[in-house]
Amino acid sequence: MSGAFQTTIKTECALGGVGLHSGAAVTARLLPAPAGAGVVFRRVDLIASAAGGQHDRVRQTTIRAHAENVTTTRLGTTLENEHGASISTVEHLMAALSGCGVDNVLVEVDGPELPILDGSSAPFVEMIEAAGIRTLKTVRRSIVLTDTVRVEDGDRFIEIAPFDGFAVDVEIDFADAAIGRQGASFENAAGAFGADLADARTFCMRSDIDAMRNAGLALGGSLDNAIVVEDGAVLNEGGLRREDEFARHKALDLIGDLYLAGAPLKGRVTAFKPGHDLNVKLAQAVLAATDAWEWAEERRDAPQTVDAREAALV
């Protein structure tokens, strides 16, 4: 998220897999986008059934990745546009885009949610790094905190305070001894997200799986894409990737959800028992607290601009 100018990816790239909740095969294809586009999702599977001409059909199936478009945060973050087109489980890709410093990208998806892959952001980071990142001519704007913004829910809270950079401190507390009380910290720097957080997987309790599936959720979940815990033990063969993988994944989710503010944030985030609900509420609270932050730009010599083919994509 550092640097003076906006970015996009150099070449298109794609990953396929199953949706965590639907269990259906789905592919996400990332394409370069022009400066100012932001992160945009497009449900290409809905275009043919949408009404109107081609332009109208594309518009109706395009969803801006922004906190104002979040409709639910149950077991993941879901975005929906004014025409009812939605996309779910966006947080791991959003975290990868944030961590890799990608400002603008078009994400074409042929299903209702993104592929869960291995339950972390690492496959997305690897794909983005292989595609490469292109620097654009337009100056990047960041949301710089000048005062503290805080959201709470019982003993749970998240706050973001003024800080020269972007940092996250997360603490979680679970009854199961396999998780317990643990923390993780992250400070943004080149390559830090990929090295420190990207491979941390999502997790759940074995006792919750039947309830989720009875509700039509987690139909694609397995030990291949989530850590499963039961009675103080990790059920996955090979165990954890890191001792504090649970807290690191919560930090990953938080970074992904906060990228829905629509621009990089500069501040220190402190979270106790975070979840998608509080993460999104903080992003929304920051945007609403216009007296607690200001836009900041950094001007330097301009690099190459985006080409005409990319400019036509969004």
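Let's start with two helices, α6 (residues 245–258) and α7 (residues 276–288). In this predicted model, their axes sit 9 Å apart and meet at an angle of about 35°. The crossing of α6 and α7 is right-handed. If you want to pull up the contact yourself, select D253, L254, D257 and L258 on the α6 side, then H276, N279, V280, L282 and A283 on the α7 side. By type, the residues of this contact split into 5 nonpolar, 2 polar and 2 charged.

Stay with α6 for a moment, but move to E245. The side chain of E245 meets that of R201 in a salt bridge, at 2.8 Å from N to O. This pair ties together distant parts of the chain: E245 belongs to α6, whereas R201 lies in the loop between α4 (192–196) and β16 (203–205), and the two are 44 residues apart. Are these partners buried or exposed? E245 has a relative accessible area of 0%, so it is buried. R201 comes in at 8%, so it counts as buried too.

That pair belongs to a longer list, as the structure holds 19 salt bridges. As a general point, side chains of opposite charge can pair when their charged atoms come close. One of the salt bridges here joins D45 and R43, again at 2.8 Å from N to O. The surroundings of these two residues read differently: R43 is buried at 7% relative accessibility, while D45 is partly exposed at 34%. Another salt bridge links R181 with D173, where the closest N and O atoms are 3.7 Å apart. In this case R181 counts as exposed, with 53% relative accessibility, and D173 is partly exposed at 33%. There is also a network: E12, R29 and E108 are joined through salt bridges that share partners.

Now for the sheet. Five strands make up an open sheet, ordered β2-β3-β9-β4-β5, with mixed pairing. β2 and β5 (62–64) are the edge strands, each pairing on one side only. Going from one strand to the next, the twist averages 20°.

Zoom in on the β2 end of that order. Strand β2 (residues 13–18) and strand β3 (residues 25–32) run antiparallel and are joined by 6 bridges. Two residues of β2 give you handy reference points: C13 has L30 of β3 as its bridge partner, and G16 is partnered by T27. The two strands form a hairpin with 6 residues between them. Which residue in the turn has a positive phi? That would be G23, at about 75°.

β3 also contains P32, which is buried with a relative accessible area of just 1%. If you'd like a long-range distance to check, try P32 against T138: they are 106 residues apart along the chain, and their C-alpha atoms are separated by 15 Å.

Finally, add the helices that accompany the sheet. Helix α2 (residues 91–100) packs on it, touching β3, β4 (39–43) and β9 (105–109). The direction of α2 makes about 145° with that of β4. Helix α3 (residues 122–131), in turn, lies across β2 and β3, the two strands of the hairpin. Relative to β2, α3 runs at about 160°.

Definitions and conventions:
Residues are numbered from 1 along each chain as its sequence is written. This is a predicted model: local features need pLDDT of at least 70, side-chain atom pairs count only at pLDDT 80 or more; totals for chains, interfaces and linings use all residues. Side-chain values use heavy atoms; hydrogens and water are left out. Two strands pair if DSSP finds at least two bridges between them. Helices (H or I, at least four residues) and strands (E, at least two) are DSSP runs, numbered from the N terminus. A salt bridge is a side-chain nitrogen of Lys or Arg within 4 Å of a carboxyl oxygen of Asp or Glu. Buried means under 20% relative accessible area, exposed over 50%, partly exposed in between (1.4 Å probe, protein chains only). Axes are lines fitted to C-alpha atoms, for helices over the stretch in contact, and angles run from 0 to 180 degrees between N-to-C directions. A crossing is left-handed if the near helix is turned anticlockwise from the far one by less than a right angle, and right-handed if clockwise. Contact means heavy atoms within 4.5 Å. Ala, Val, Leu, Ile, Met, Phe, Trp, Tyr, Cys and Pro count as nonpolar, Asp, Glu, Lys and Arg as charged, and the others, Gly among them, as polar.
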